[in-house]
Amino acid sequence: MAFEKRRANSKQEIPTASMPDIVFMLLLFFMVTTTLREVDVLVKFKLPEAKAIEKIENKRLISYIWVGNNGKIQINDSLVKLDDVEPIMYAKRQSLANVIVSLRVDRGADMGLITDIQQELRKAYCLRLNYSTNLKI
Amino acid sequence: MIKKKKIPEASIPTSSMADIAFLLLLFFLVATVIDVDTGIGLTLPEYVEDVNTVKVPKSRMAAILINANGDVLLDNKPISVVQIKDNLKRRIISKIDLPSNKKLIVSVKTDRKTRYNIYIQALDQIKQAYFEVRDEYSNQNFGSNYNKLVGTQQKDVQKVVPIIISLAEPETVKK
């Protein structure tokens with residue numbers, strides 16, 4: 001008995017004509033959602049973890065302050081001194097009235113420094129604050 | 001007989017378009033950072049030069065003190081960080097029916113040398129206590145969790161269970 005190779009009569013091709021369209025749609029999505037990293041973080045930090053955290057919906061309002069494990073403060077693209085925090089943040093508040101300041105602080109930092117920064121923020125009228133944390137699982 | 005002239009086909013080769021698009025896609029996939037900033041929100045009080053202190057009755061206060069070693073005192077009694085939540089929850093619930101000027105105030109005071117991590121842990125516990133009370137209250141009264149309520153209902157819950165956290169300045173003596 002001879003074996004016969006069975007083959008379907010229909011075409012065996014996946015239509016690829018629309019593939020570029022699909023890929024372009026994906027591409028467009030990623031192009032729109034991408035926010036390229038604007039700043040280089042100059043300090044080393046490891047965020048603390050917490051459970052009761054909220055998301056900040058409006059990313060446009062956020063302004064970051066980094067505090068590294070060696071107590072260095074970074075705003076925008078450069079390291080700043082504690083005394084410079086107030087004028088910089090005041091200028092930010094002038095351009096964006098309801099700015100949210102997100103503190104990205106290393107978990108080993110001293111509270112003294114954090115309080116000093118908070119005092120400066122109060123003087124600059126940046127009163128909405130966010131302690132940036134990762135989710136504890 | 002006239003020979004029909006063959007018209008050369010004028011077309012751009014599109015077979016490589018998909019490859020090019022894939023390359024671009026890959027670039028954006030790699031470069032995208034979809035990081036939503038998460039954290040513990042807080043609103044600072046306005047800065048005033050001379051602070052005129054307001055006396056608050058002790059029954060309203062829950063004073064949390066954290067020293068440089070990370071030991072926690074809640075109303076002068078030593079307590080571990082993970083116990084703060086349950087302790088506060090009881091006190092928040094007991095004040096749920098009181099008017100808004102008698103609700104609990106949680107005060108957090110740290111040393112200048114306290115590590116930030118412990119402060120966040122304590123703050124997290126406080127927030128968790130409040131969130132759980134809010135959820136319980138919403139479940140009792142509106143039948144679903146707090147963050148599933150509509151705006152006006154959320155406002156009602158906020159009125160009944162307001163989050164009042166006072167950040168005391170650390171002792172400047174040890175600077």
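**Entry 1. Chain B as a whole**

I began with burial in chain B of this predicted model: buried residues account for 21% of its 175 residues. I then listed the secondary structure and found four helices and six strands in chain B. Read from the N terminus, the elements follow the order α-β-β-β-β-α-β-α-α-β. I next compared the radius of gyration of chain B, 29 Å, with the 16 Å that the globule rule gives for 175 residues; the value is well over the rule, so chain B is more spread out than a compact globule. Along the principal axes, I noted that the C-alpha atoms of chain B fill a box of roughly 115 × 45 × 35 Å. I also looked up contacts in chain B with a separation of 6 or more, and 69% of them join residues 24 or more positions apart.

**Entry 2. The sheet of chain B**

I traced the strand order in chain B and recorded an open sheet of five strands, 4-3-2-5-6, with mixed pairing. Strand 4 (77-79) and strand 6 (165-167) of chain B are the edge strands, each pairing on one side only. From one strand to the next, the twist averages 25°. Within chain B, I examined strand 2 (residues 61-66) and strand 3 (residues 72-74), which pair in the antiparallel sense over three bridges. Opposite I64(B) I found L74(B), in strand 3 of chain B.

**Entry 3. Where chain B meets chain A**

I turned to the contact between the chains, which takes 40 residues from chain B and 45 residues from chain A. On the chain B side, helix 1 (17-31), strand 1 (38-43) and helix 3 (116-141) each supply at least two residues. Helix 1 of chain B gives the largest share of that side, nine residues. I sorted the residues of the chain B side by type and obtained 22 nonpolar, nine polar and nine charged.

I also found strand pairing between the chains: strand 2 (residues 54-55) of chain A and strand 1 of chain B pair in the antiparallel sense over two bridges. I identified T38(B), in strand 1 of chain B, as the bridge partner of K55(A).

**Entry 4. I40(B)**

I chose I40(B), which is found in strand 1 of chain B, for a closer look. I counted I40(B) as buried because it has 22 C-beta neighbours inside 10 Å, where 20 or more are required. Setting aside residues up to four places away in sequence, I listed its contacts: in chain A, I40(B) touches A50(A), A52(A), I53(A), N130(A), Y131(A) and T133(A), and in chain B it touches I120(B), L123(B), D124(B) and K127(B). I checked the pair I40(B) and I120(B): they lie 80 residues apart along the chain, and their C-alpha atoms are separated by 8.5 Å.

**Entry 5. The largest nonpolar core**

I looked up the largest nonpolar core, which holds 44 residues; V67(A), V101(A), Y119(B), A122(B) and I126(B) touch the most other members. From chain A, strand 3 (62-67), helix 2 (82-95), strand 6 (100-105), helix 3 (111-123) and strand 7 (128-132) each give two or more residues to this core, as do strand 2, helix 2 (84-94) and helix 3 of chain B. Helix 3 of chain B gives the most, with 10 residues. I closed with V67(A): apart from its neighbours within four places in sequence, V67(A) is in contact with V43(A), F45(A), I73(A), L103(A), V105(A), D106(A), A109(A) and L113(A).

How values were computed
Residues are numbered from 1 along each chain as its sequence is written. Chains are lettered from A and ligands numbered from 1 in the order in which they are written. This is a predicted model: local features need pLDDT of at least 70, side-chain atom pairs count only at pLDDT 80 or more; totals for chains, interfaces and linings use all residues. Two strands pair if DSSP finds at least two bridges between them. Axes are lines fitted to C-alpha atoms, for helices over the stretch in contact, and angles run from 0 to 180 degrees between N-to-C directions. Two residues are in contact if their C-beta atoms, placed from the backbone, lie within 7 Å. Ala, Val, Leu, Ile, Met, Phe, Trp, Tyr, Cys and Pro count as nonpolar, Asp, Glu, Lys and Arg as charged, and the others, Gly among them, as polar. A nonpolar core is a set of buried Ala, Val, Leu, Ile, Met, Phe, Trp, Tyr and Cys residues joined through C-beta atoms within 7 Å. A residue is buried if 20 or more other C-beta atoms lie within 10 Å of its own, exposed if 12 or fewer, and partly exposed in between; C-beta atoms are placed from the backbone. The radius of gyration is taken over C-alpha atoms; the globule rule is 2.2 Å times the number of residues to the power 0.38.
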